[in-house]
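Here is a short tour for anyone meeting this fold for the first time. Keep the picture open while you read.

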Amino acid sequence: MKKAIVSMMVGVVLATSGAAYAAGEMGNMDMSSGAMKSGAASSAMSHGEVKKVDPSTGKMTIKHGPLENLGMEGMTMAFKVKDPAMLSQVKVGDKIDFVAEEVNGALTVTKLEKK
């Protein structure tokens, strides 16, 4: 009987400690940002400069400012493009406004405007 009670108590402690740990890990997340919302936040344009255009991979490298809808800081990185025709609209050095979204696990330019 004692072993059963001890086993149940250990189970309760383990179950509640995991939930408390998970809640603590998420406690410092900003759930009010556009990174967790869809719709209007995903259409916010970001600013950048084209650093490389690679039609063979369907990607372009962009030096960009913050991507508010993705919760990312500014950096230089490669993006897939939703429409391969976007690659012919720009060249290295062009200043652009764009929308990047996660599409099937890949960061993808879904909207592009040349400045």
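## A hairpin to start with

How many residues lie between E1 and E2 in their hairpin? There are four residues between them, and one residue in that turn, Gly 58, has a positive phi of about 70 degrees. Before going further, keep in mind that what you are looking at is a predicted model.

The two strands of this hairpin pair in the antiparallel sense, with six bridges between E1 and E2. If you want one spot to look at, try Lys 52, which stands opposite Thr 61 in E2.

## The overall plan

Stepping back, the chain has two helices and five strands. Starting from the N terminus, the elements come in the order α-β-β-β-α-β-β. Contacts that span a good stretch of sequence matter for the overall picture: counting those with a separation of 6 or more, 51% are between residues 24 or more positions apart.

As for the surface, the chain exposes about 7700 Å², and 60% of that comes from carbon and sulfur atoms. Of its 115 residues, 24% count as buried.

## Round the barrel

The five strands close into a barrel, and going round it you meet them in the order E1-E2-E3-E5-E4, with mixed pairing. Ignoring direction, neighbouring strands of this sheet are turned by 55 degrees against each other on average. In general, strands of a sheet pair through backbone hydrogen bonds, either parallel or antiparallel.

Now for some of the seams. E2 and E3 run antiparallel and are joined by six bridges; here Ile 62 has Met 77 in E3 as its bridge partner. E4 and E5 are also antiparallel, over eight bridges, and Val 103 stands opposite Ala 106 in E5. These two strands form a hairpin with two residues between them, where Asn 104 takes a positive phi near 50 degrees. Then there is the seam between E1, residues 46-54, and E4, which is antiparallel over four bridges. Along that seam, Glu 49 stands opposite Lys 95 in E4.

## What sits in the core

The largest nonpolar core has 16 residues, and those touching the most other members are Met 60, Ile 62, Phe 79, Ile 96, Phe 98, Val 109 and Leu 112. Two or more core residues come from each of strand E2 (59-64), strand E3 (75-81), helix H2 (86-89), strand E4 (95-103) and strand E5 (106-114). As a general point, nonpolar side chains in soluble globular proteins tend to be buried together.

Which residues does Ile 96 touch, not counting residues up to four places away in sequence? Its contacts are Ser 46, His 47, Gly 48, Val 50, Ile 62, Val 90, Leu 112, Glu 113, Lys 114 and Lys 115.

## Two rings

The structure holds one aromatic pair. Why is it called edge-to-face? The rings of Phe 79 and Phe 98 have their planes at 65 degrees, over the 60 degrees needed, so the pair is edge-to-face; the ring centres are 5.7 Å apart.

This pair links distant parts of the chain, with Phe 79 in strand E3 and Phe 98 in strand E4, 19 residues apart. Are these two residues buried or exposed? Both Phe 79 and Phe 98 are buried.

## Two residues to look up

Back to Lys 52, which lies in strand E1. This lysine counts as partly exposed, because its relative accessibility is 46%, which falls between the limits of 20% and 50%. Leaving aside neighbours within four places in sequence, Lys 52 is in contact with Met 60, Thr 61 and Val 92. Its C-alpha is 9.7 Å from that of Met 77, a residue 25 places away in sequence.

Gly 93, for its part, lies in the loop between H2 and E4. At 35% relative accessibility, Gly 93 also counts as partly exposed. Beyond its neighbours up to four places away in sequence, Gly 93 touches Glu 49 and Val 50. The C-alpha atoms of Gly 93 and Lys 63 are separated by 9.9 Å, although these residues are 30 apart along the chain.

Terms used: Residues are numbered from 1 along each chain as its sequence is written. This is a predicted model: local features need pLDDT of at least 70, side-chain atom pairs count only at pLDDT 80 or more; totals for chains, interfaces and linings use all residues. Side-chain values use heavy atoms; hydrogens and water are left out. A nonpolar core is a set of buried Ala, Val, Leu, Ile, Met, Phe, Trp, Tyr and Cys residues joined through side-chain atoms within 4.5 Å. Buried means under 20% relative accessible area, exposed over 50%, partly exposed in between (1.4 Å probe, protein chains only). Contact means heavy atoms within 4.5 Å. Two strands pair if DSSP finds at least two bridges between them. Accessible areas come from the Shrake-Rupley method with a 1.4 Å probe; for residues, only the protein chains shown count as cover. Rings of Phe, Tyr and Trp (its six-membered ring) pair if their centres lie within 6.5 Å; planes under 30 degrees apart count as stacked, over 60 as edge-to-face and the rest as tilted. Axes are lines fitted to C-alpha atoms, for helices over the stretch in contact, and angles run from 0 to 180 degrees between N-to-C directions.
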